[in-house]
Amino acid sequence: MTYKNVPAAPAAPEIDLGSSFVTTRLDAVVNWGRRNSLWPFPFGTACCAIEFMGVVSSVFDVSRFGAELVRFSPRQADLMIIAGTVTYKQAPVLRRIYEQMCEPRWVIAAGACASSGGFYDCYCTVPGVDEIIPVDIYIAGCPPRPEAFLEAIVQLQNKIDKESIREQKTVGI
Amino acid sequence: MMVKKSNVPDGPMLPGLSLDQIVTVLAEKFTVVRDASDQWGLTLVAPAEKLRDIMRFLRDEPTLQFAMLLDVVGVDYLAYPGHRGERYAVLYPMKSLTFRHRVTIKVTVDEDACVVPSIHELFRSADWAERETWDQYGIIFAGHPNLKRLLNHHEFVGHPLRKDYPCQKRQKLSINDQMLDQLEARLRARGYTILDHGESHAGTPITDASSVPSLGTVKAGDKL
């Protein structure tokens, strides 16, 4: 049995034990599982959330990247997708939901508003959700095309590949 | 199938009165002045102390029947070109559901007192609309039962749609307030008793499950 995405084991003396197991690094196995089964929590507040519905639906089908199981509880999700404008009135709610997510957890800021506040340069809009919580991937666009969402998930997968279970992921929040 | 009786009249809308006729009907009872700056519709400047009487008259007069209050709009004329007079104004755009006519009542507001009478008893839609105008312009609606901020958060200082508020001045919110006062009032009005508020409101984040009031007397299946 071979696994396509598992990197080859470092050079080591091979013993012929048949095909009953594979040897690899623990990080590689864990990251392989994490990257290919992201469970998104959609924090949809505006039109970008409509694009995200398209991403999950059959035409664009985020299931091809293993991230189709959208959960509406932060306790069952490890990928928060902030799709839309976030106001200061809403910011404590966003922060609280992020804190309720189990680790490891990742955040995608989808679209201009979540990334920078967009054109709402005013008294009530948070100028980018990275003022509230840490963000892993930013998606440009107003709203972004569904392909941009898929690109962001692929980029996040590549980022997860570089992580290690020995490193504490949580940054000071 | 039960059909809820609507207060929207059956049949097509009737032509109603012309703008000049509306002015005539109102001018018989109240001192109103037509606002020349409204080039497209009919805006009548009315004295604040007569506002409630005028709104009631507009709603109940058979030839007018302005049954719908569309909005309560604040205006800040600070640095407005060519403006003389009071700094603030409040506009009440109204629509008749029976006739094809509309009117806007305008009340000028003194900057120091900054108060107009509330009309929430005449139009239920005025409740939140007046709260929004208070929130954004700081205009007090005397007699309003729950004049607190509607759009901005409870730690916000100032009124952002005033022209002297720096529009990019951001104000962070640390903790949400409960925002359940109206729900609780509605429950009490239906005879329910709210037994326990959980922890005190101050310092309790809204998403904390222990702070959600336990509605001890609400029965399963009740529609709230």
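The following questions and answers concern a predicted model with chains A and B.

Reader: In what order do the four strands of the open sheet in chain A stand, and is their pairing parallel or antiparallel?

Author: The sheet of chain A is open and is built from four strands. Their order is 1-2-3-4, and the pairing is parallel.

Reader: Which strands of that sheet stand at the edges, and why is one side of each left without a neighbour?

Author: An edge strand here has a single partner strand, so one of its sides has no neighbour in the sheet. Neighbouring strands of this sheet are turned by 20° against each other on average, direction ignored. The strands at the edges of the chain A sheet are strand 1 (40–44) and strand 4 (137–139).

Reader: How many bridges join strand 2 of chain A to strand 3 of chain A, and what is the bridge partner of A:Leu79?

Author: Strand 2 of chain A covers residues 79–83 and strand 3 of chain A covers residues 106–110. The two run parallel and are joined by five bridges. Within strand 3 of chain A, A:Leu79 has as its bridge partner A:Trp106.

Reader: At what angle do helix 2 and helix 5 of chain A pack, and how is their arrangement described?

Author: Helix 2 of chain A spans residues 48–56, helix 5 of chain A spans residues 146–161, and their axes are 9 Å apart. The packing angle is about 70°. Angles of 65 to 115 degrees count as roughly perpendicular. The arrangement of helix 2 and helix 5 of chain A is therefore roughly perpendicular.

Reader: Which residues of helix 5 of chain A meet helix 2 of chain A?

Author: From helix 2 of chain A, the residues that take part are A:Glu51, A:Phe52, A:Gly54 and A:Val55. By class, this contact between the two helices has five nonpolar, one polar and one charged residues. On the side of helix 5 of chain A, the residues are A:Pro146, A:Phe149 and A:Leu150.

Reader: Where does A:Pro104 lie, and what is omega for the cis peptide bond that joins A:Glu103 to it?

Author: A:Pro104 belongs to the loop between helix 3 (91–100) and strand 3 of chain A. The bond from A:Glu103 to A:Pro104 is cis, and its omega is about -5°.

Reader: Which loop holds A:Pro143, and what is omega for the cis bond from A:Cys142?

Author: A:Pro143 is placed in the loop between strand 4 and helix 5 of chain A. The peptide bond that leads from A:Cys142 to A:Pro143 is cis, with omega near -10°.

Reader: How many helices and strands does chain B have, and what pattern do they follow along the sequence?

Author: Chain B contains four helices and eight strands. Of its 224 residues, 22% count as buried. Read along the sequence, the pattern is α-β-β-α-β-β-β-β-β-α-β-α.

Reader: In which sense does strand 6 of chain B pair with strand 2 and with strand 5 of chain B?

Author: Strand 2 (residues 43–45) and strand 6 of chain B share three bridges, and B:Val45 is there the partner of B:Lys106. Strand 5 (residues 88–95) and strand 6 of chain B share eight bridges, with B:Val90 opposite its bridge partner B:Val107. A hairpin of six residues joins strand 5 of chain B to strand 6 of chain B. The sense is parallel with strand 2 of chain B and antiparallel with strand 5 of chain B.

Reader: Where is B:Cys114, and which residues is it in contact with beyond its neighbours within four places in sequence?

Author: B:Cys114 sits in the loop between strand 6 (102–109) and strand 7 (115–117) of chain B, and its phi is positive, near 55°, although the residue is not glycine. B:Cys114 is partly exposed, with 16 other C-beta atoms within 10 Å. B:Cys114 and B:Ile140 are 26 residues apart in sequence and 6.1 Å apart in space, C-alpha to C-alpha. The contacts of B:Cys114 outside those neighbours are B:Tyr88, B:Val109, B:Gly138, B:Ile139 and B:Ile140.

Reader: How many of the nine residues of helix 4 of chain B are buried?

Author: Helix 4 of chain B covers residues 181–189 and lies largely in the open. The number of its residues that are buried is zero.

Reader: How many residues of chain B are in contact with chain A?

Author: On the chain A side, ten residues take part. The side of chain B that touches chain A has six nonpolar, seven polar and three charged residues. The number of chain B residues in contact is 16.

Technical notes: Residues are numbered from 1 along each chain as its sequence is written. Chains are lettered from A and ligands numbered from 1 in the order in which they are written. This is a predicted model: local features need pLDDT of at least 70, side-chain atom pairs count only at pLDDT 80 or more; totals for chains, interfaces and linings use all residues. Two strands pair if DSSP finds at least two bridges between them. Axes are lines fitted to C-alpha atoms, for helices over the stretch in contact, and angles run from 0 to 180 degrees between N-to-C directions. A residue is buried if 20 or more other C-beta atoms lie within 10 Å of its own, exposed if 12 or fewer, and partly exposed in between; C-beta atoms are placed from the backbone. Two residues are in contact if their C-beta atoms, placed from the backbone, lie within 7 Å. Ala, Val, Leu, Ile, Met, Phe, Trp, Tyr, Cys and Pro count as nonpolar, Asp, Glu, Lys and Arg as charged, and the others, Gly among them, as polar. Angles under 35 degrees count as roughly parallel, over 145 as roughly antiparallel, 65 to 115 as roughly perpendicular and the rest as oblique.
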